[in-house]
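Reader: I would like a close look at one strand of this model and at what lies beside it. Please keep to what can be checked against the coordinates.

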Amino acid sequence: VRVTQRLAPASLLHTPAGETVIDLGQEITGYLEFVTSAPRGATLTLTYGELLQEGNFYRDNLRSAQQTFRYTADGERAVVRPRFTFFGFRYVKLEGFDRPNLADFTGCAIHTDLPVTAAFECGNEKVNRFFQNVLWGQRDNFVDVPTDCPQRDERLGWTGDAQVFSGTAMFQMDCAAFFDKYLYDMRMEQRKLDGSIPFVVPMIAPGDGSCAWADAATIIPFNLYRFYGDRALLERHY
């Protein structure tokens with residue numbers, strides 16, 4: 001997992017509710033990196049979200065996820081970014097910043113750095129954008145494990161979501177090592193469940209043994225064989 005793309009924000013918004021919001025112009029998984037010389041003791045707060053509603057910052061779709069990063073300045077010039085978390089976002093509400101300068105902010109997109117193996121372009125820009133959206137969806141949700149979403153209060157390796165998307169994922173990127181590792185983790189969880197497949201891998205949420213989710217144990221290995229032709233992968237996860 002690494003920073004694979006750095007994006008300059010598209011605009012700085014002042015919403016009808018009086019909020020100061022950065023619009024990155026693209027939904028990503030990652031964080032904002034920023035430069036600050038705030039005075040010692042000042043607290044800078046960045047709240048991450050995906051949507052505007054009636055022109056205002058919106059976060060109700062995140063359910064219980066806070067998606068908030070706070071930095072307390074020491075009075076020195078600093079380049080700041082979170083070290084132990086990430087966010088799914090396009091918009092970031094700023095609090096505590098004195099006249100923020102858009103040039104001081106950079107969007108950092110992170111994901112498991114897999115080689116892109118698919119490309120598509122046609123004469124219809126909306127269709128081209130649709131293809132790019134699917135590719136961005138994979139980037140945003142392949143953060144060491146295939147997650148269901150990077151923003152709300154889940155961000156887990158749901159087996160059902162992984163198997164449904166696995167064929168598309170393998171078409172778009174070289175995922176052989178990525179899914180080989182995921183299936184190994186699944187097998188370790190099965191040992192504790194007498195062979196049953198958990199809802200999430202690693203199993204940090206309860207639940208196992210259900211159609212669609214459990215199907216990951218057969219559909220993902222078969223797709224690996226269909227796309228990469230490697231019998232060793234198929235045998236290892238039989």
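How many of the nine residues of strand β9 (residues 87–95) are buried?

Author: The model is predicted, so local features are used only at pLDDT of at least 70 and side-chain atom pairs only at 80 or more, while totals for chains, interfaces and linings use all residues. Residues count from 1 along each chain as its sequence is written, and side-chain values use heavy atoms, without hydrogens or water.

Seven of the nine residues of β9 are buried (under 20% relative accessible area with a 1.4 Å probe, protein chains only; over 50% is exposed, in between partly exposed). The strand, which runs over residues 87–95, is thus mostly covered. Strands here are DSSP E runs of at least two residues, numbered from the N terminus.

β9 has β3 as one pairing partner (pairing takes at least two DSSP bridges). The two strands are antiparallel and share seven bridges. Within this pair, I22 stands opposite V92 of β9.

Strand β4, residues 43–49, also pairs with β9. The sense is again antiparallel, and five bridges join β4 to β9. G49 has Y91 of β9 as its bridge partner. β9 therefore pairs with both β3 and β4, with V92 facing I22 and Y91 bridged to G49.

One step further out, β3 (residues 20–36) pairs with strand β2 (residues 11–14). Four bridges hold this antiparallel pair, and H14 is placed opposite T20 of β3. β2 and β3 make a hairpin, with five residues between the strands. In that turn, G18 has a positive phi of about 85 degrees. Taken in order, β2 pairs with β3, β3 pairs with β9, and β9 pairs with β4.

For another strand residue, take H111. H111 belongs to strand β10, which covers residues 105–111. H111 is buried, since its relative accessible area is 4%. Its side chain makes a polar contact with the side chain of T4 at 2.9 Å (an N or O pair within 3.5 Å; within protein, one atom able to donate a hydrogen and the other to accept it, with sequence-adjacent residues counted only if both atoms are side-chain atoms). Apart from neighbours within four places in sequence, H111 is in contact with V1, R2, T4, R139, F142 and V143 (heavy atoms within 4.5 Å). T4 thus appears both in the polar contact and in that list of contacts.
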